[in-house]
Amino acid sequence: MTARTADPLGRVPVALVVPAALAVALLLVPLAAMVAAADPAAILDALRSPALQDALWLSVLTSTLAMLVCLALGLPLAWLLARVAFRGCRLVRALVTVPMVLPPVVAGIALREAFGRGGLLGAPLLGATGFAFPYTTWGVVLAHVFVSLPFVVISIEGGLRSAGQEYDAAAATLGASRWTTFRRVTVPLALPGIAAGMVLGWARSLGEFGATITFNGNYPGTTQTMPTLIYVARQADGDTALALSLVMLAVSIGILVALRDRWLVPG
Amino acid sequence: MSGTPGELAVRVAVPGRLDLAFDVPRGAVIAVVGPNGAGKSTLVQALAGLQPATGSALIDGTDLLALPPQRRRVGLVFQDRRLFPHLSARENVAFGPRSRGVPRAEARAAAQDWLDRLGVGDLAERRPGELSGGQAQRVAIARALACEPELLLLDEPFVGLDVGVAAALRIELAQHLADFGGTTFLVTHDALDALTLADHVLVLDHGRLEQAGPPAEVAARPLTEHAARMVGLNVIRERTRIRAFPPSAVSVSLHQPEGSARHRWQGVVRSAAPHGDAIRLRIDLPGGPQTGPQTGRPAVGERSLIADVTPSATRDLALSPGRPVWAAVKETAITSYDVPAGAG
C-alpha cells in the first residue's frame with residue numbers, strides 16, 4: 001500500500017489512500033482475529049476428525065465437478081452471448097444473471113420445485129430412472145452449478161469479448177470453419193478469461209451453503225460440505241466451528257494461490 | 001493457379017458506403033487508391049466476405065459474393081496484420097492449409113516453404129510478439145499466400161513500417177506478385193506503390209469509382225484531387241475539363257500578382273514542409289478558386305493547392321501557416337484534358 005515516492009505524477013491523494021486502506025482492513029481484520037483466536041490443538045483435533053475429512057473431500061469434489069459442468073455448459077453459452085447477435089440475446093443475458101442476485105435459499109427452493117422428487121422435471125426423472133437429485137452428492141453438484149454458472153458465464157463472456165473478434169475474421173478468411181476457429185483461435189486467446197471464470201465458479205461453489213442445504217439437507221458423507229459442517233458445528237460447539245473455519249480458510253487460499261500461479265499469470 | 005486470361009467482373013454495393021462496378025483482367029495487380037473513407041477497406045472486406053455486400057464478383061462464372069468467406073479462396077493481409085498471437089509464425093502460416101484439410105506435417109512443411117520464400121524462414125518458431133513490423137508483415141503475406149488464393153487482398157501493407165523496411169519489402173513484393181498467378185488488390189496511399197507494383201489503378205472517392213486505368217495514365221491525367229496529390233499535381237476541374245499543373249509552376253506572392261499569370265487565387269497557407277530542395281506549401285482557398293476575368297467561370301470541387309517555393313522565398317515572405325497569400329500559375333504550365341464520359 002505504500003505509494004512510490006518517485007511517482008512522476010505526484011503524491012497519491014489521501015482521499016483515495018485512506019478508504020483503500022480501510023477496505024483492506026475490513027477484509028483482513030476478521031480473518032486475522034479468527035486466526036488469533038484459534039487454538040492449535042483444536043485445529044489438529046479437527047483435522048483428524050473423519051467428519052471434517054469427509055466434508056472437505058466432498059466440498060472439493062463437488063466444487064470441481066460443478067466447475068467442469070459450468071465450463072461444459074457455460075463456455076458455449078458465453079460464446080453465443082459474445083459472438084452471435086441472436087434474437088433475445090439481451091433477455092438471455094439478463095436471465096443468466098438472475099441466480100447471482102437470488103438469495104441461495106430461494107435457489108434451493110426453486111431447485112426443489114424443478115428437480116425434487118415431485119418436481120417438474122424431478123418426477124418424470126424419478127419415474128424413468130429411479131434417480132432423484134435431492135439428498136445426493138449429484139444434488140450438491142446441481143445446486144453448485146445453479147449458483148456458480150452465472151459467474152462463470154459472465155466472466156468467460158468478458159474474456160471472449162476482450163480476446164478480439166478480429167482474429168475470428170482473420171481465421172475465416174483462411175478457410176477455418178467457426179468450430180475450428182472456436183477451438184484453435186477463440187478459446188486459446190480467451191484462456192485467461194476462461195481460467196478466471198473457472199476459478200471464480202469453483203470458489204463460489206466451495207462457499208455455497210444456502211442452496212445446498214435447502215435442496216440436499218445435511219448428510220455426512222453424501223451432502224455435508226464444509227460450509228454445512230461448520231454451520232452444524234457452530235450450533236453445538238463454537239471452538240470446533242472456529243477450527244474448521246481456519247482449515248477452510250487455509251484450503252481456499254492454498255488452492256486459489258496454486259491456481260493463480262498455474263493459470264492466471266498473464267502471458 | 002496460372003494467370004489464365006479472363007476477367008474479374010465486380011459489381012458490389014454496401015449501402016451508404018460503397019457502390020462500384022469494374023472489370024479487371026485476371027492475374028493483374030490492381031492498386032486501389034483514394035482518400036480516407038473512400039471505401040477502399042470496405043471493398044477489400046466485401047471481397048473477403050467480412051462485410052455484407054450485394055452484387056457479384058464473377059471469376060470463371062463463379063460468384064465470389066455468393067460464397068461464405070471460408071470458401072472464397074481469398075487471401076487477406078490486414079492493415080493491422082492480425083497474426084494469431086498465440087501461434088508461432090509457422091503455425092500462423094500453416095493455419096490456412098490446416099483449416100482446408102491439409103495434414104499437419106504437410107501444412108507445416110508448406111508453411112516453412114512460404115516463410116523461406118518471404119525471407120523469414122529462420123523466424124518460424126517465433127511468436128508474432130517477438131517479430132518486428134517488417135518481419136510480421138512478411139509472415140502475414142506468407143500466411144495469405146499459403147492458402148493459394150484466387151484473390152490476394154493487401155490492405156495498406158506498408159503502413160507503419162520504417163521507410164527502409166517498406167522499400168525493401170516493396171521490391172520483394174513485386175517479385176512475389178509476379179510469381180503469384182491470381183489477382184491482387186493492393187490498397188495504398190502511396191503513388192509509388194501504384195506506379196511500381198500495379199498494372200491497373202482504381203481511384204475511389206465517396207464509395208464510388210472516380211477513375212480506372214493504367215498507372216501511367218492515372219498519374220499523367222488524374223481526375224480527382226486526391227489522385228493528383230498522390231502524384232504531386234494540382235488539378236482544377238472546370239465542368240468536363242481538367243487542368244493539371246505541378247506545384248513547381250505555382251508562384252506565391254503576398255500581393256495580387258500582375259502580368260501574364262492567367263490563373264490566380266487568394267488563399268491562406270495551411271502548412272509548409274520540406275520537399276526535396278524546396279518547401280512545399282499547402283494553400284487553402286477559402287472562397288474556392290477564382291479563374292481570371294477572361295473566363296469568369298467558377299470551377300468546382302477544389303479547396304486547396306500545393307506550391308513548391310524556395311527556402312529563401314519562404315523566409316523572405318514569412319510563409320508560415322495562417323499567412324494570407326496569392327498563388328498564380330501561367331497558362332503554359334497547365335495541361336488540360338477532358339473528363340471521360342461516364343467518369344466522375
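Start by selecting helices α2 and α3 of chain B in this predicted model. The axes of α2(B) and α3 (residues 104–117) of chain B come within 8 Å and cross at roughly 120°, so α2(B) and α3(B) are oblique to each other. The crossing in which α2(B) passes α3(B) is right-handed.

Now show side chains at this crossing. From α2(B), the residues to display are Ala89(B), Arg90(B), Val93(B), Ala94(B), Pro97(B) and Arg98(B). They meet Arg104(B), Ala107(B), Arg108(B), Ala110(B), Ala111(B), Gln112(B), Trp114(B) and Leu115(B) in α3(B). Colour them by class and you will find nine nonpolar, one polar and four charged residues in this contact of α2(B) with α3(B).

**Next stop: where the chains touch**

Keep α2(B) selected and bring chain A into view. The contact between the chains takes 15 residues from chain B and 14 residues from chain A. On the chain B side, β6 (74–77) and α2 (89–99) each supply at least two residues. Which element gives the most to the side of chain B that touches chain A? That is α2(B), with three residues. By class, the residues on this side of chain B divide into nine nonpolar, four polar and two charged.

**Zoom out to chain B**

Select the whole of chain B. You should see nine helices and 18 strands, and the C-alpha atoms fill a box of roughly 75 × 40 × 30 Å along the principal axes. Of the 344 residues in chain B, 42% are buried. If you draw the contacts in chain B between residues at least 6 apart in sequence, 65% of them join residues at least 24 apart.

**Into the strands: β9 of chain B**

Select residues 200–205 of chain B, which form strand β9. Is this strand enclosed or open to the outside? Six of its six residues are buried, so β9(B) is largely enclosed by the rest of the structure. Look along the strand and the side chains split into two sets: His200(B), Leu202(B) and Leu204(B) point one way, while Val201(B), Val203(B) and Asp205(B) point the other way.

Add the two partners of β9(B). Strand β3 (residues 29–33) of chain B is joined to β9(B) by four bridges, and these two strands run parallel. To find your place, pick Ile30(B), which stands opposite His200(B) in β9(B). The other partner to add is β10 (residues 208–213) of chain B, which runs antiparallel to β9(B) and is joined to it by five bridges. Here Val203(B) stands opposite Gln211(B) in β10(B). Follow the backbone from β9(B) to β10(B) and you trace a hairpin with two residues between the strands. In the turn, click on His206(B), which has a positive phi of about 50°.

**A four-stranded sheet**

Still in chain B, select β2, β1, β4 and β5. In that order the four strands form an open sheet with antiparallel pairing. The edge strands are β2 (18–25) and β5 (62–63) of chain B, each of which pairs on one side only. At the β5(B) edge, two bridges join β4 (residues 54–59) of chain B to β5(B). One position to label there is Ile59(B), standing opposite Thr62(B) in β5(B).

**Across to chain A: two partners of α7**

Select helix α7 (residues 137–162) of chain A together with α4 (residues 89–101) of chain A. Their axes come within 8 Å and cross at roughly 125°, which makes α4(A) oblique to α7(A). This is a left-handed crossing. Display Val96(A), Thr97(A), Pro99(A) and Met100(A) in α4(A), which meet Phe146(A), Val147(A), Pro150(A), Phe151(A), Val153(A) and Ile154(A) in α7(A). The residues of this contact divide into nine nonpolar, one polar and no charged.

Now swap α4(A) for α3 (residues 50–83) of chain A. The axes of α3(A) and α7(A) come within 6 Å and cross at roughly 40°, and the two helices are therefore oblique to each other. This time the crossing is right-handed. The contact of α3(A) with α7(A) has 21 nonpolar, six polar and three charged residues.

**Last stop: Leu44 of chain A**

Finish in helix α2 (residues 40–48) of chain A, where you will find Leu44(A). Is Leu44(A) buried or exposed? Leu44(A) is exposed, with 10 other C-beta atoms within 10 Å. For a closing distance, pick the C-alpha atoms of Leu44(A) and Ala32(A): the two residues are twelve apart along the chain, and these atoms are separated by 19 Å.

How values were computed
Residues numbered from 1 in each chain as written. Chains lettered and ligands numbered in written order. Predicted model: local features only at pLDDT ≥ 70, side-chain atom pairs only at ≥ 80, totals over all residues. Axes fitted to C-alpha atoms, helices over the stretch in contact; angles between N-to-C directions. Parallel < 35°, antiparallel > 145°, perpendicular 65-115°, else oblique. Left-handed = near helix turned anticlockwise from the far one by under 90°. Contact = placed C-beta atoms within 7 Å. Nonpolar A, V, L, I, M, F, W, Y, C, P; charged D, E, K, R; others polar. Buried ≥ 20, exposed ≤ 12 C-beta atoms within 10 Å, placed from the backbone. Pairing = 2+ DSSP bridges.
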